[in-house]
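Student: I should like a close look at one part of this model, namely a pair of packed helices. Please describe their packing carefully, and then set the pair in the context of the whole assembly.

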Amino acid sequence: MSVDKSLLAGSTTTLILKLLEERDMYGYEMIETLALRSDHTFDFKAGTLYPILHTLEKQGLVSSYEQRTPQERIRKYYHLTESGRERLQEKQLEWTRFVNAVEKILKGGGVHAFQ
Amino acid sequence: MPSNEHFTEYCQQVSQQIRWKRVRGVVAQELEQHLCDQQDAYVEQGHDADEAARMAVAQMGDAQMVGQALNQTHRPQTPWLPMFVILVLLAVGLVLQSMLSPDAIWALPYGIAAAAFILGYFMDTSLLGRHAGKVYGLVLALSLLALFRIRVSLHAVMLGHSFAVLSLPPFDIMLGNLTLIFPIAYGLFVYWMRNRGMLGIVYCGLAYLPFAGFLLCIPTIIGFLLYTIASLVLLCTAIWLGWFHVRRVRGLALALIPPLMCCGVFLVTLLSSESLQFRSFRIDLDGHLNNQVRELVTQAAFWGQGGGDLSTIPNLETDYTLLYGIHRFGLGPFLALMLLSVGLCIFCMRRGLRQQSMLGKLLVVAVSTTFVLQVLSYGVTNLGYALFGAISFPFVSYGGTALVLNSLLMGCMLSVFRMGPWVRDAVTAVQKV
């Protein structure tokens, strides 16, 4: 089942920061990892990922460095900075509050404002 | 169509949407790499190379949309605050020079300085990183070449100046002022040697020596001290930030050896030599000039015209511009100027250390250190506590070579801020953040 993209819009940054919390990654690796872990719910277009990554880099939340691969390709790795780590914690808290609130509503029942 | 042509065409379409041309290459390289990875994955799934390439391009998304999104991110950042402070310093300098000797203001150095600033500001600083060793070698070679072409100005010797002058008509270049570009050249050498462990630090120690020797040959004692302090700061910063992958204490201890040895040799030479060059250092060892300066400072008002007679102070335009300012406008404006200059350095240093590229960090540290050492030594000299004189007060005191070199250095540093995260380190196989 496909997911409405607007649901994803606000949380893409959190997903990317979370991946980078584990280890440094390059763009293609991020897209593949996100797709695998979400059972292909999050199949990003690469063209969506790079503007986000570059914005995060400009904001200082991630940094990057280049490495030469054994095939003599130059690969750009992204690394989570300290301020990126702090932002991730804030975003995770925000997300937990949001999910809890949505679940409470979806469960139904409970209090009504005008009874 | 071969697969890489698909990629090149796609990347070109994306790049064309980005108005800031400097980053187009960086972006295209990253996207092309991604496309190659994606193509490999499709080939592994059983598609032929050409089909895999088409699928990889399709997976990337619409080139126009991607390019426009990237264009929103990639904008050069104009460092307005440092630029404003530099303009203020320049204005203060022009006012003081026009009051001191209105006929001596020569437009040509200011024109060349403006060109040097623009050159530095719009230069791709990543190029310096890619050719770090060559830049160091070039600066060293030109300096040594200049050393054989100098002539000695006896007039300057009598006034206690560093007196080696390189005549390139219509210019007379004070070689002592080349001190200003040595730290950045040395910083580039340190950058070149990063990731090479203790051996890299040893090479950096050796690379410190030729410039130090050059400055002792001229000789310029303040230049030697400025270069020594700046080079130590650069090497220690690199070791402290782990760029040599060695234990900090060991690395720092090793880094201290060549400058300490050089300082020892210098002190012995200074105290024992009777040569013409070294006598110039001792011209004011009785402190006569310093006493005069201190006397004038004590007669200065906090705000407004002070007492005393400046006519006995030599070289007001070049060496004692701030003393004239103190005498004419008071100690308050002097303190404000010093605070503004030191504040500029602290601002730049803090912002520089937040740069993610090692190259950006080193360039900013090199320029900021050179700048602040000039400001402090000049300030101390103008308060009457000089031991070894000063080079210049950037953008304020008179001096063509210093003005041009300071402008070039400032342009380079602001270029790092302008480029932001797009100052790229040269790629190595083992490089890590």
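Tutor: A helix axis is here a line fitted to the C-alpha atoms over the stretch in contact, and the angle between two axes runs from 0 to 180 degrees between N-to-C directions. In this predicted model, helix α18 (residues 358-382) of chain B packs against helix α19 (residues 400-419) of chain B at an angle of about 145°, and the two axes are 9 Å apart. The crossing of α18(B) and α19(B) is left-handed. From α18(B), the residues that make the contact are Gly360(B), Leu363(B), Val364(B), Val367(B) and Thr370(B). Facing them, α19(B) contributes Leu409(B), Met410(B), Cys412(B), Met413(B) and Val416(B). Sorted by class, the contact of α18(B) with α19(B) has 8 nonpolar and 2 polar residues, and no charged ones.

The pair belongs to a chain with 19 helices and 3 strands. Of the 433 residues in chain B, 45% are buried. Among contacts in chain B with a separation of 6 or more, 71% join residues 24 or more positions apart.

Confidence should be considered next. Chain B has an average pLDDT of 85, and 89% of its residues score at least 70. Among its elements, helix α10 (residues 182-193) of chain B has the highest mean pLDDT, 96, and helix α9 (residues 154-158) of chain B the lowest, 47. The pLDDT is below 50 over residues 154-161 of chain B, a stretch with 11 contacts in the model beyond near neighbours in sequence. Residues 429-433 of chain B also have a pLDDT below 50, and this stretch likewise has 11 contacts beyond near neighbours in sequence. For the model, the scores are ipTM 0.84 and pTM 0.81.

A single residue of chain B offers a local example. Ser167(B) lies in strand β2 (residues 164-168) of chain B. Ser167(B) counts as exposed because 12 other C-beta atoms lie within 10 Å, and the cut-off for exposure is 12 or fewer. Between Ser167(B) and Ala146(B) the C-alpha to C-alpha distance is 9.4 Å, with 21 residues separating them in sequence.

Chain A, the partner, has 5 helices and 3 strands, arranged along the sequence as α-α-β-α-α-β-β-α. Its radius of gyration is 17 Å, well over the 13 Å that the globule rule gives for 115 residues, so chain A is more spread out than a compact globule. The C-alpha trace of chain A spans about 70 × 35 × 20 Å along its principal axes. Buried residues account for 28% of the 115 residues in chain A. Of the contacts in chain A with a separation of 6 or more, 47% are between residues 24 or more positions apart.

Where the chains meet, 23 residues come from chain A and 28 residues from chain B. On the side of chain A that touches chain B, at least two residues each are supplied by α3 (27-37), α4 (46-58), β2 (62-68) and β3 (74-80) of chain A. The most comes from α4(A), which gives 9 residues. By class, this side of chain A has 6 nonpolar, 9 polar and 8 charged residues, whereas the contact of α18(B) with α19(B) has no charged residues.

Conventions
Residues are numbered from 1 along each chain as its sequence is written. Chains are lettered from A and ligands numbered from 1 in the order in which they are written. This is a predicted model: local features need pLDDT of at least 70, side-chain atom pairs count only at pLDDT 80 or more; totals for chains, interfaces and linings use all residues. Helices (H or I, at least four residues) and strands (E, at least two) are DSSP runs, numbered from the N terminus. The radius of gyration is taken over C-alpha atoms; the globule rule is 2.2 Å times the number of residues to the power 0.38. A residue is buried if 20 or more other C-beta atoms lie within 10 Å of its own, exposed if 12 or fewer, and partly exposed in between; C-beta atoms are placed from the backbone. Two residues are in contact if their C-beta atoms, placed from the backbone, lie within 7 Å. A crossing is left-handed if the near helix is turned anticlockwise from the far one by less than a right angle, and right-handed if clockwise. Ala, Val, Leu, Ile, Met, Phe, Trp, Tyr, Cys and Pro count as nonpolar, Asp, Glu, Lys and Arg as charged, and the others, Gly among them, as polar. pLDDT is the predictor's confidence in each residue, from 0 to 100.
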